Structures are given as structure tokens and as C-alpha cells.
Amino acid sequence: MKTQKLSISIKKLVVFLVITAIILYLLRIFFPARSDMSFEIMREYSIEVIAIFPPVLVLMGLADVWIPREKIKKYLGQESGLKGVLLSMFMGTLPTGPMFIAFPIAGEMLKKGARVANVVVFLGAWASLKMPQIGVEIQFLGLQFSIYRVVLTFIAVLFIAFITEKMHQEVK
Amino acid sequence: MTVALIINTITLVLLIYSFTKSTGRTGKSLKIALTKGLNLAPWMIGIIVLIGVILSFVPPPVIEQYLGGEMTIYQVGAAALIGTISMIPNLVAMPLAGSLIESGASFTTIAAFLTTLTMVGVVTLPLELKEMGKKITFWRNFLAFFFAVVIALAIGILM
């Protein structure tokens, strides 16, 4: 039963890859000049994703198996207060890679009981406050700009996180 | 890349540690990782391809055209919008932004562009909706866009 599910998933993936290849081929035909650059960027992204997606998956698997809900609730849940916010922010600044890798992680966090504000803080930090990224930013845009942007974005992320949580609770 | 290396190493170490503590649980966690991976792989590939398609229509040279030059409120708005629909890796976006500043673009515009580039994602919406739900996705992106403009204006004043 499990292997049946697995082979269906793999088949879907193969079909998907074929469609993707066709789209890329058409792109090359219709936009010969522009597609070069977009291919280059796609390549960059692919490298980033391949470098970080597998370990992220394994970490999520390990976390799923070893970290009980109670722990997540305790450190990231509704009652975790300031520590939870800081922890989420810290977690978001560590990794590298595009933001959409963070979405599955964030989804899991929500499912396991983290509060909405913390999850949004995590996402916001991953999106624009990643430490590896800030290094590159200082290099190309200068220390002054980077400091201003980081501090302002830090504050903005907090606002965004708590307003989003408020809005999310308005359902009830 | 070094960060990626560190993350991979840490993951490997944790995996080995988990293996010594319980082979059963480790096997289970790998199975979870694999199923998740197979489920998410189409999304990842799809997003990257979509990014490529959009960039074919709005490639970096065109972006430079819109973001360089005179700063007006329209330009800041345009910068925010362009950042919303684009997704460029940081390694590419930073040098691009740097060269724009050098050729005279205003910091306000660039700040708007960079903030929405990373925080708001039209291309990634489907995945975000799937993982986070409608409410969070809408509010997070909407607020991120709003604050991107606020940040941009603040930076304009500060610099």
C-alpha cells in the first residue's frame, strides 16, 4: 500500500517535470534573449534550493518524530511571550535560501501549536533579516543603508506579525 | 554557500545522533522527510519555473529602467509592485541594487524594491496559501507591502 502511494507520487513528479521542460523549451523559443537571463536566475535558485531543501526536509522529519507538541507549545505557543518571539526571530535569521522554503516549516509550526505571531516573525526574519543575506547587503549597499533597513524591517516584522495574529483571531 | 554547508553538516550530525538513540524513529523521520519532499518538489519546481517565466517578461534590465532615475511617489509605488511580482535570489538582487544606487537611483526606491522582493511574493502565493491559510497569507503580504513603503519613505528621510 505504501509503495503504491510512493510510485504514484513519483509518476506525478515525472509528468510534472515533462510539462516543466516543455514550458522552458517554449520560453527559449519565444524569448531567446531574455530567457538567457531568466534561465541563469532559475539556475541560481535551483542551486540554492537543492543545497538547502533536503537538509530542511530531514530536520523537519526529525523534529516531527523527536519534538513533542508540548515542547513547541511551551516555547512557541500562545503563552511563550517575549522569549517565543525572540526565539522565532532568531530561528528565522539563521538559514539561507529563498523564502518559500520557509513555508512548509511555518506550516508545521502552526500545526504543532506555535502562535501565529511567532510564525509570522519567523517568516519575516527568514525573508529579509537572514544573517548571510545581510552580509551581502552591506557589501553592495553600504553599512548605513543596511543598518537602517534591518532595524526598520525588524520593527515592521513585529508589527506585521502581531497585526496578522489579531486579524487571524477575529474569525472567532 | 557556507551557511548551506553548515546546515547540511548539522543535519547530518543530528541524523547520526538520532540513529544511535533509536533506529526506528530515525527511519520514521526519514520516511516523513521523503514523503514531504515528494509532495513539495512539484511546488518548488513550479515556483522556480514561474519565477523564470515572469523574469522573461520583466527581466533585470527592464527593472533597471523603471527603478533608476528620478524619484517620485509613483516610482516608489512601481518599485514596490515590481518587487512583489519578482523574485530574485539575494546574490543577484544585491549587486543589481548596488549598481542602481551607483548609477543614481534613490535609496527610497531601492528600499521599497528590496523589501517587497523578499517579503511579498505573488509567485509563491499558492504554496503560502496551502501551508498558512487564507487569512494569514493575505494579511502578511498586505501588511508587508504597506510597511515596505513605510520603510522606504523612512529610509528616504534618514538617508
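The following exercises, each with a worked solution, concern a predicted model with chains A and B.

**Exercise 1. Confidence in chain A**

Determine which helix of chain A has the lowest confidence and which has the highest.

Solution. Begin with the chain as a whole: the mean pLDDT of chain A is 86, and 97% of its residues reach 70 or more. Turning then to the separate elements, confidence is lowest in α1(A), where the mean is 79, and highest in α6(A), where it is 93.

**Exercise 2. The contact between the chains**

Describe the side of chain A that touches chain B, by element and by residue class.

Solution. The contact brings together 69 residues of chain A and 66 residues of chain B. On the side of chain A, the elements giving two or more residues are α1 (2-30), α2 (32-66), α5 (102-111), α6 (116-128), α7 (131-141) and α8 (143-169). Of these, α2(A) supplies the largest share, 25 residues. Sorted by class, this side of chain A holds 48 nonpolar, 15 polar and six charged residues.

**Exercise 3. The surroundings of α5(A)**

Identify the buried residues of α5(A) and state what covers them.

Solution. The buried residues of this helix are Ala102(A), Phe103(A), Pro104(A), Ile105(A), Ala106(A) and Met109(A). Their cover includes α2, α3 (69-76) and α6 of chain A, together with α2 and α7 (125-132) of chain B. Just after α5(A), Gly113(A) takes a positive phi of about 115 degrees.

**Exercise 4. Leu82(A)**

Decide whether Leu82(A) is buried or exposed.

Solution. First place the residue, which lies in helix α4 (residues 81-93) of chain A. Next take the neighbour count: 7 other C-beta atoms lie within 10 Å of Leu82(A), and because a count of 12 or fewer marks a residue as exposed, Leu82(A) is exposed. As a further distance, its C-alpha atom is separated by 29 Å from that of Val58(A), 24 residues apart along the chain.

**Exercise 5. Helix α2 of chain B**

Compare the expected span of α2(B) with the separation of its end C-alpha atoms, and locate its kink.

Solution. At 1.5 Å a residue, the 35 residues of α2(B) (residues 23-57) should span 51 Å, and the end C-alpha atoms are 50 Å apart, which agrees. Within this helix, a kink of about 40 degrees lies at Leu40(B), shortly before the proline Pro42(B).

**Exercise 6. The domains of chain B**

Describe the contact between the two domains assigned to chain B.

Solution. The domain assignment gives domain 1 (1-57) and domain 2 (59-159), whose centres, taken over C-alpha atoms, are separated by 28 Å. The contact takes seven residues from domain 1 and seven residues from domain 2. On the side of domain 1 that touches domain 2, the residues divide into six nonpolar, one polar and no charged.

How values were computed
Residues are numbered from 1 along each chain as its sequence is written. Chains are lettered from A and ligands numbered from 1 in the order in which they are written. This is a predicted model: local features need pLDDT of at least 70, side-chain atom pairs count only at pLDDT 80 or more; totals for chains, interfaces and linings use all residues. Helices (H or I, at least four residues) and strands (E, at least two) are DSSP runs, numbered from the N terminus. Ala, Val, Leu, Ile, Met, Phe, Trp, Tyr, Cys and Pro count as nonpolar, Asp, Glu, Lys and Arg as charged, and the others, Gly among them, as polar. The expected span of a helix is 1.5 Å times one less than its number of residues. The bend at a residue is the angle between axes fitted to the seven residues ending there and the seven starting there. Domain bounds come from an automatic or database domain assignment. pLDDT is the predictor's confidence in each residue, from 0 to 100. A residue is buried if 20 or more other C-beta atoms lie within 10 Å of its own, exposed if 12 or fewer, and partly exposed in between; C-beta atoms are placed from the backbone.
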